[in-house]
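Colleague: Could you take one part of this model, the places where its helices pack against one another, and look at it closely? I would then like the description carried on to the helices and loops around that part.

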Amino acid sequence: MTNNEIVAKLWNLCNVLRDDGITYHQYVTELTYILFLKMAKETDSEKMIPEKYRWDELKKKEGIELKRFYEELLRELGEECTGRIQEIYNGARSNIEEPANLKKIITNIDSLDWYSAKEEGLGNLYEGLLEKNANEKKSGAGQYFTPRVLIDVMTELIAPQLGEKCNDPACGTFGFMIAADKYVKQQNSDLFSVTQEQAHFQKYEAFTGGELVHETHRLALMNAMLHDIEGKIYLCDTLSNQGKVMKGFDVVLTNPPFGTKKGGERANREDFTYQTSNKQLNFLQHIYRSLKSDGKARAAVVLPDNVLFADGEGERIRKDLMDKCNLHTVLRLPTGIFYAQGVKTNVLFFTRGTTDKDNTKEVWFYDLRTNMPSFGKTSPLKEEHFDTFKEAYLAEDRKAVSDERWNCYTYEKISEQGKNHSLDLGLIRDDSFIDYNDLPDPIESGKECIDQLEEALDLLKSVVKELKTLESTEV
């Protein structure tokens, strides 16, 4: 049985809970509580769980005794344990009211092909479940879910290295950091080249994040643990003073939430120079400030279109970004890749300078939006859609790239042509729209039509005259 088949079986168990009024997202959280215990048994890591609350004890229980035991287990693991167990179960409570439903889920999980799951990787299985949740519109989890292919492309181009500190300040279920960890491991597959100190750093310090929503934070912890990552994942509001601890990074990869603070209130970060209620502008400030000022620290960030042209504080933040960093590339993303309708997004790639002034000399734009297929659940974004962009991005001489989607604007040109340092640039001509400037002049066209009609009339007259001549000859 493949992981995809196991994920499908786990997902179908959600039908068992419909009568209990369980949402998809609650179901995934509930599965996390139960799967943790089963996976601990399968990986021989139950020593961190008190004996009386391990998997074999849970599956023995029946009926109301099971329900009471399960609720006690959640409370005890969240209050009495330490480390990742305490973090995952902190504040945990069950939404399952019917003991028979709980028993059915436990029984079905116990009967799955865990040998195959371990062969493919338990982390991959869990990520498949998270992606299934995000793809289900009813769950609400996929509104701004970052497609896996986009995560992988951003990670590949930023290219995190062994020994670098990586962060996602709005980490969701930790997908970007897991991709970064995978990339580093692929680049250093020779185990003999990695020292014990480096291996320890990669597991405990290299990959960190922050997440505001408690239930999503729980999923991120589980996901990280199953991928053998023990870095700190803060349960915090990055845009509050809690977020000030996240700094000094070599790499940031993220897709922060879009929108404004409720009631229009501004972020309460004391270290932000520019105060605004716009979440994405505040995240952008946080991100470029969190990078090391060594000329190598870099970031790739998904941001909506309004970041490119917003007035007021938006203009000042863009200018500050281009001063402190080399904003070298903007990828205009296709529409339809996020489940919230009409969301237009971009990826900004930038490198923090060693000084805080004049780091951006020119910005390259790649238009992957115009004249592209309509993407959605039935026509997903694929890796090959990014091939030409990657070629342009990685080219030794970007100016030698021949691609109409690839355009460069100097900082001077951006300053001159944009009334507010607007970066809403780089989109090519859309072939689906009529360009009325290219239509023929109606007056000239009318004259041509009259000329053509007169020619036709003259021809018709000559034909009639010829017919009359023939008729008189016959008579």
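Modeller: In this predicted model, the contact between helix H9 and helix H16 brings Val153, Glu156 and Leu157 of H9 up against Phe389, Lys390, Tyr393 and Leu394 of H16. H9 covers residues 148–158 and H16 covers residues 387–394, and the two pack at an angle of about 15 degrees with their axes 11 Å apart. That angle is under the 35 degrees at which the term ceases to apply, and therefore H9 counts as roughly parallel to H16. The crossing in which H9 passes H16 is right-handed.

A second packed pair is formed by H2 and H12, whose axes are 10 Å apart and meet at an angle of about 35 degrees. Here H2 passes H12 in a left-handed crossing. On the H2 side the contact is made by His25, Val28, Thr29, Thr32, Tyr33, Leu35, Phe36 and Met39, while H12 contributes Glu215, Thr216, Arg218, Leu219, Met222, Met225 and Leu226.

H2, which spans residues 24–42, also takes part in covering helix H6, since the elements over the buried residues of H6 include H1 (3–12), H2, H3, H4 (63–79) and H7 (114–120). H6 itself runs from residue 99 to residue 110, and its twelve residues reach 17 Å from the first C-alpha to the last, close to the 16 Å expected at 1.5 Å a residue. Its buried residues are Pro99, Asn101, Leu102, Lys103, Ile105, Ile106 and Ile109.

Lys103 of this buried set can be set beside Lys60, for the two C-alpha atoms are separated by 9.7 Å although the residues are 43 apart along the chain. Lys60 belongs to helix H3, residues 55–60, and because its relative accessibility is 55%, Lys60 counts as exposed. The side chain of Lys60 makes a polar contact, at 3.2 Å, with the side chain of Glu57.

Helix H13, residues 279–290, can be checked for its length as well: at 1.5 Å a residue its twelve residues should span 16 Å, and the end C-alpha atoms are indeed 16 Å apart, which agrees. Ten of those twelve residues are buried, so H13 is largely enclosed by the rest of the structure. The buried ones are Gln280, Leu281, Asn282, Phe283, Leu284, Gln285, His286, Ile287, Tyr288 and Ser290. Their cover includes both helices and strands, namely H14 (306–309) and H15 (313–324) together with S4 (251–254), S5 (298–304), S6 (325–332) and S7 (345–352). At the start of H13, a side-chain oxygen of Asn278 comes to within 3.1 Å of the backbone nitrogen of Gln280.

Two loop positions remain, and they concern backbone geometry. Most residues other than glycine have a negative phi. Asp228, however, has a positive phi near 60 degrees, and its place is in the loop that leads from H12 (214–226) to strand S3 (233–235). With a relative accessible area of 42%, Asp228 is partly exposed. Asp358 likewise has a positive phi near 60 degrees, and this residue lies in the loop between S7 and strand S8 (362–367). These two loops tie back to the elements described above, in that the loop of Asp228 adjoins H12, a partner of H2 in packing, and the loop of Asp358 adjoins S7, one of the strands that cover H13.

Technical notes. Residues are numbered from 1 along each chain as its sequence is written. This is a predicted model: local features need pLDDT of at least 70, side-chain atom pairs count only at pLDDT 80 or more; totals for chains, interfaces and linings use all residues. Side-chain values use heavy atoms; hydrogens and water are left out. Helices (H or I, at least four residues) and strands (E, at least two) are DSSP runs, numbered from the N terminus. The expected span of a helix is 1.5 Å times one less than its number of residues. Buried means under 20% relative accessible area, exposed over 50%, partly exposed in between (1.4 Å probe, protein chains only). Contact means heavy atoms within 4.5 Å. A polar contact is a pair of N or O atoms within 3.5 Å; within protein, one must be able to donate a hydrogen and the other to accept it, and residues adjacent in sequence count only if both atoms are side-chain atoms. Axes are lines fitted to C-alpha atoms, for helices over the stretch in contact, and angles run from 0 to 180 degrees between N-to-C directions. Angles under 35 degrees count as roughly parallel, over 145 as roughly antiparallel, 65 to 115 as roughly perpendicular and the rest as oblique. A crossing is left-handed if the near helix is turned anticlockwise from the far one by less than a right angle, and right-handed if clockwise.
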